[in-house]
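Student: Could you take me closely through one small part of this protein, and then show me what else there is around it? I would like each technical term explained as it comes up.

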Amino acid sequence: MSMKLVRRMLTAVLATTLVVGSALTVSAAPTTKSSAPAAEAPAPVQEDSAPVDETVVPATTPMTIGGATIKSDVAGSIAIPKTAPIAGVVLRESAANIKAAASLAKNETPYVRAYEITAKKSPAAFASINAAATAAGATVVDAVNIDLGKLAGGKFSDLPAGVSVPTTIGVKNANGRTLAVVKVLPGGATEILQDTDDNPATVTFPITGGFAAYAVIAF
């Protein structure tokens with residue numbers, strides 16, 4: 001056999017090997033890809049929703065209780081669950097008078113934010129509330145945080161503590177009990193505020209500029 005013929009045979013064998021190898025490589029890729037387990041999509045994040053019984057209303061919403069309808073023209077928001085022992089929070093001073101008393105600028109508007117608190121959500125505040133109520137021989141009906149401030153250019157800031165505004169909280173089942181309020185300031189200091197109205201289903205007391213907790217107590 002001549003050397004030239006041997007070279008031709010080797011060249012043919014090598015070419016065939018390369019073709020077969022290429023074919024095997026191409027066909028192997030899909031097999032490897034399809035045999036891998038499919039990646040699972042991440043589970044959607046479940047966001048906590050507001051309690052279904054919670055009602056957030058403008059602070060100007062009228063409150064009817066004990067045969068009286070009470071309303072305010074002070075802007076703000078009040079968040080009280082429908083099942084709460086209290087019916088609402090209403091400021092008893094006009095926005096114009098508050099603005100004058102606080103010496104607000106033309107672009108500043110009185111604004112109030114109030115919402116119910118519980119011992120679970122605000123344990124420190126309730127420790128002070130319960131201590132004050134026990135010392136007075138009363139029981140706690142419910143409590144709210146109230147933040148009395150102002151809006152200017154869409155930004156909220158507190159009014160000075162020297163600004164005082166009479167405020168009424170409605171109590172659904174007062175049942176002839178004497179009502180009062182425990183005020184808790186940041187830091188835990190407490191003060192008992194007496195009811196200044198003659199409606200047995202409401203308690204009226206002064207709130208002050210800034211943030212504080214107010215708990216209705218009954219004797």
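Tutor: What follows begins with how to read the model, turns to one loop and its neighbours, and ends with pairs of side chains elsewhere.

This is a predicted model, in which local features need pLDDT of at least 70 and side-chain atom pairs count only at pLDDT 80 or more, while totals for chains, interfaces and linings use all residues. Residues are numbered from 1 along each chain as its sequence is written, and side-chain values use heavy atoms, with hydrogens and water left out.

The pLDDT is the predictor's confidence in each residue, on a scale from 0 to 100. The protein averages 82 on this scale, and 75% of the residues score at least 70. Over residues 1-52, however, pLDDT stays under 50, and for these residues the model has two contacts beyond four places in sequence. A contact here means heavy atoms within 4.5 Å.

The secondary structure comes to three helices and 13 strands; these are DSSP runs numbered from the N terminus, with helices (H or I) of at least four residues and strands (E) of at least two. Of the contacts with a separation of 6 or more, 70% are between residues 24 or more positions apart. Among the 219 residues, 36% are buried, where buried means under 20% relative accessible area, exposed means over 50%, and partly exposed lies in between (1.4 Å probe, protein chains only).

Now for the close look, which starts at N199. This residue lies in the loop between β11 (190-194) and β12 (202-208). Although N199 is in a loop, its relative accessible area of 13% makes it buried. A polar atom of the N199 side chain is 2.9 Å from the backbone nitrogen of A201. Leaving aside residues up to four places away in sequence, N199 touches I65, G66 and A68.

If we follow the chain onward, we come to T202, which lies in strand β12. T202 is buried, with a relative accessible area of 1%. Its side chain makes a polar contact with the side chain of D197 at 2.7 Å; a polar contact is a pair of N or O atoms within 3.5 Å, and within protein one of them must be able to donate a hydrogen and the other to accept it, with residues adjacent in sequence counting only if both atoms are side-chain atoms. The residues that T202 touches beyond four places in sequence include I65, T168, V171 and L179.

V171 is therefore a good residue to look at next, for it is among those that T202 touches and it is buried at 1% relative accessibility. V171 is placed in strand β9 (residues 164-171). Its C-alpha atom is separated by 5.8 Å from that of A87, although the two residues are 84 residues apart along the chain. The neighbours that V171 touches, again not counting residues up to four places away, include I65, P85, V141, A201 and V216.

Further along, F205 is one of an aromatic pair, a term that applies when rings of Phe, Tyr and Trp (its six-membered ring) have centres within 6.5 Å, with planes under 30 degrees apart counted as stacked, over 60 as edge-to-face and the rest as tilted. The structure holds two such pairs. Y111 and F156 make an edge-to-face pair, 6.1 Å centre to centre with 70° between the planes. Since Y111 lies in strand β6 and F156 in strand β8 (residues 155-158), this pair ties together parts that are 45 residues apart in sequence. F205 and Y214 form a tilted pair, 5.5 Å centre to centre with 40° between the planes, and both of these residues are buried.

Strand β6 also takes part in salt bridges, each a side-chain nitrogen of Lys or Arg within 4 Å of a carboxyl oxygen of Asp or Glu. A search of the whole structure finds two of them. In one, E108 pairs with K150, and the closest N and O atoms are 3.0 Å apart. E108 lies in strand β6 (residues 108-117) and K150 in strand β7 (residues 139-152), so the pair ties together parts that are 42 residues apart in sequence. Both E108 and K150 are buried. In the other, the side chains of R113 and D147 meet at 3.2 Å, N to O, and this pair links R113 in strand β6 with D147 in strand β7, 34 residues apart. Here R113 counts as partly exposed at 33% relative accessibility, whereas D147 counts as buried at 9%.
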